Amino acid sequence: MLKYSGSELYVEKVSLSKLAKKFGTPLYVYSEEKLVSNFKKYVDGFNDVDSIICYAMKANSNAEILKLLASFGAGADIVSGGELKKALNAGIKAQKIVYSGVGKTAREIEYALKSNILMFNVESFEELEQINKIAGKLKKKARISFRVNPDVDAHTHKHITTGKFGTKFGVMYEDAFGFYKKAAAMKNIEVVGIDSHIGSQILDVKPFKLAAEKISKLIDKLETVGINIRYIDIGGGLGIKYKKEDKPQTPADLKKIVMSVYSKYKDKTIIVEPGRSVVGDAGIILGQVIYGKTTGTKSFIITNIGMNDLIRPALYDAYHNVLPVKKSSKKQKVVDIVGPICESDDFIAKDRKFPILEQGEYIVVECAGAYGRAMASEYNSRQIAPEILVKGTKINKI
Ligand code: LLP
């Protein structure tokens with residue numbers, strides 16, 4: 001989606017310098033072509049299995065992006081009442097919405113029941129009892145699955161590993177069978193699915209197979225006691241290429257490995273909850289150099305992109321590639337590229353070889369479409385940066 005034409009960097013057919021001059025910086029910029037092509041890889045990858053692609057909207061919940069994905073048939077994986085509202089407003093069908101999260105409140109459960117969503121991915125027994133109670137009050141039957149923690153290691157960052165024991169997510173594999181039996185006996189509960197989500201930024205799909213094998217055993221055991229699972233939710237988590245050496249696998253690879261376990265079931269629908277791999281590399285942050293400085297042995301490029309615009313480096317020590325908008329023949333130096341916020345962890349890149357840009361020059365932070373704007377804040381009383389969707393030569397403020 002990013003290309004130099006001559007010495008100028010473009011998103012699709014739009015010059016980033018021009019965009020920066022028109023809208024100011026920092027600015028989130030997304031490529032519609034890349035977004036759609038990422039989503040279509042899921043649609044195509046899973047086209048020969050009965051499936052629903054439930055976009056994990058926590059990655060980026062911009063209304064226009066949701067509408068765009070809805071127009072290609074996306075469902076949604078939501079984690080709050082706020083997300084449910086945004087999903088429905090964007091035209092995502094309630095029958096394609098799954099509700100995850102460890103702390104669904106009574107109000108949120110009631111709203112989701114009234115909206116008639118596809119299912120709740122239940123994360124504790126107390127939550128199940130709460131859903132049963134509220135469904136009873138509303139004279140409804142709540143469709144549920146349990147999010148089962150399969151205790152597999154997704155080999156990713158410790159902050160985004162979710163499928164191991166000791167995390168707050170899901171119910172323990174060993175408890176699941178008993179919980180399902182109790183759920184099946186509850187008056188206002190209809191057991192329809194099973195769910196697991198093992199982590200995020202997963203570059204190798206093998207752990208998905210380990211999880212599927214455990215989940216499949218549980219499905220078979222449940223069916224011996226007459227509990228029939230219609231939906232198998234395999235979660236999200238496919239990684240993207242942040243670094244040159246990252247070799248992410250594709251939705252087709254994911255389909256292949258999970259179906260090596262699940263293809264024996266002819267009557268079930270597979271649900272996938274991708275977030276990052278749909279929007280991550282379809283978005284950038286455009287910013288500007290404010291100053292340069294050297295303190296002791298360390299050199300800094302101070303920019304107007306703060307940790308309030310992109311918190312991933314501060315929070316996870318995440319790597320994001322940075323590019324100058326105008327190809328530079330200037331001398332390169334090892335620098336820290338930082339933001340203007342009063343925190344030592346307010347950085348974009350550390351010890352990075354980068355041309356010594358001057359005041360006012362523009363830069364781009366790559367792979368900021370997922371968990372960029374979505375995790376933005378007004379810290380230091382900074383404004384949330386605007387968002388632009390580019391399609392060919394068209395520019396749309398979204
Ligand atoms: N489903 C569930 C239940 C999840 O908790 C998540 C992400 C997803 C799906 C989507 O995962 P994805 O396909 O995006 O990997 N803020 C962190 C990532 C947190 C992920 C939380 N859960 C980051 O910036 O790396």
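The paragraphs below go through the ligand site, a pocket, a cavity, the aromatic pairs and two backbone details of this predicted model.

The ligand is a convenient place to start. Around the ligand there are 19 residues, and those that come nearest are Ser-200, Glu-273, Arg-312, Tyr-316 and Tyr-371. By class, this shell divides into six nonpolar, seven polar and six charged residues. Arg-312, one of the residues that come nearest, places a polar side-chain atom 2.6 Å from an oxygen atom of the ligand. Gly-275 approaches an oxygen atom of the ligand through its backbone, with an N or O atom at 2.9 Å. With Asp-77 the ligand atom is a nitrogen, and a polar side-chain atom of Asp-77 lies 3.1 Å from that nitrogen. How much of the ligand does the protein bury? The ligand taken alone exposes 590 Å², and the protein buries 92% of that area.

Next come the empty spaces in the protein. The second largest pocket has a volume of about 550 Å³. Its lining is made up of 26 residues, of which Tyr-242, Asn-321, Val-322, Leu-323 and Glu-366 are the closest to the centre of the pocket. Four strands, β1 (2–5), β14 (283–295), β16 (322–324) and β18 (347–355), each supply at least two residues of this lining. The largest share comes from β18, with four residues. Sorted by class, the lining of the second largest pocket has 12 nonpolar, four polar and 10 charged residues.

A closed space is found elsewhere. Searching the whole structure gives one cavity of 30 Å³ or more. The volume of the largest cavity is about 50 Å³. Which residues line the largest cavity? They are Ser-196, Ile-198, Phe-208, Ala-211, Ala-212, Ile-234, Val-258 and Tyr-262. Two helices, α8 (206–224) and α9 (251–262), each supply at least two residues of this lining. The largest share, three residues, comes from α8. The lining of the largest cavity has seven nonpolar residues, one polar residue and no charged residues, whereas the lining of the second largest pocket includes 10 charged residues.

The aromatic rings give another view of the chain. The structure has five aromatic pairs, counted by ring centres within 6.5 Å. One pair is formed by Phe-125 and Phe-179; its ring centres are 5.1 Å apart and its planes stand at 45°, so the pair is tilted. This pair links distant parts of the chain, since Phe-125 belongs to helix α6 (residues 125–137) and Phe-179 to helix α7 (residues 173–184), 54 residues apart.

Two details of the backbone remain. Most peptide bonds are trans, and most residues other than glycine have a negative phi. Where does the model depart from each pattern? The bond that joins Thr-25 and Pro-26 is a cis peptide bond, with omega about -5°. Pro-26 is found in the loop between α1 (16–23) and β4 (27–31). Gln-201 is a residue other than glycine with a positive phi, near 50°. Gln-201 lies in the loop between β11 (189–195) and α8. Helix α8 also supplies three residues of the lining of the largest cavity.

Technical notes. Residues are numbered from 1 along each chain as its sequence is written. This is a predicted model: local features need pLDDT of at least 70, side-chain atom pairs count only at pLDDT 80 or more; totals for chains, interfaces and linings use all residues. Side-chain values use heavy atoms; hydrogens and water are left out. On a 1 Å grid over the protein atoms alone, a cavity is a set of points where a 1.4 Å probe fits but cannot get out, and a pocket is an open set with protein on both sides within 12 Å along at least five of seven lines; lining residues have an atom within 4 Å of a point. Grid points are joined across faces, edges and corners, and a volume is the space filled by probe spheres set on the points. Ala, Val, Leu, Ile, Met, Phe, Trp, Tyr, Cys and Pro count as nonpolar, Asp, Glu, Lys and Arg as charged, and the others, Gly among them, as polar. A residue is near a molecule or strand if one of its heavy atoms lies within 4 Å of it. A polar contact is a pair of N or O atoms within 3.5 Å; within protein, one must be able to donate a hydrogen and the other to accept it, and residues adjacent in sequence count only if both atoms are side-chain atoms. Accessible areas come from the Shrake-Rupley method with a 1.4 Å probe; for residues, only the protein chains shown count as cover. Rings of Phe, Tyr and Trp (its six-membered ring) pair if their centres lie within 6.5 Å; planes under 30 degrees apart count as stacked, over 60 as edge-to-face and the rest as tilted.
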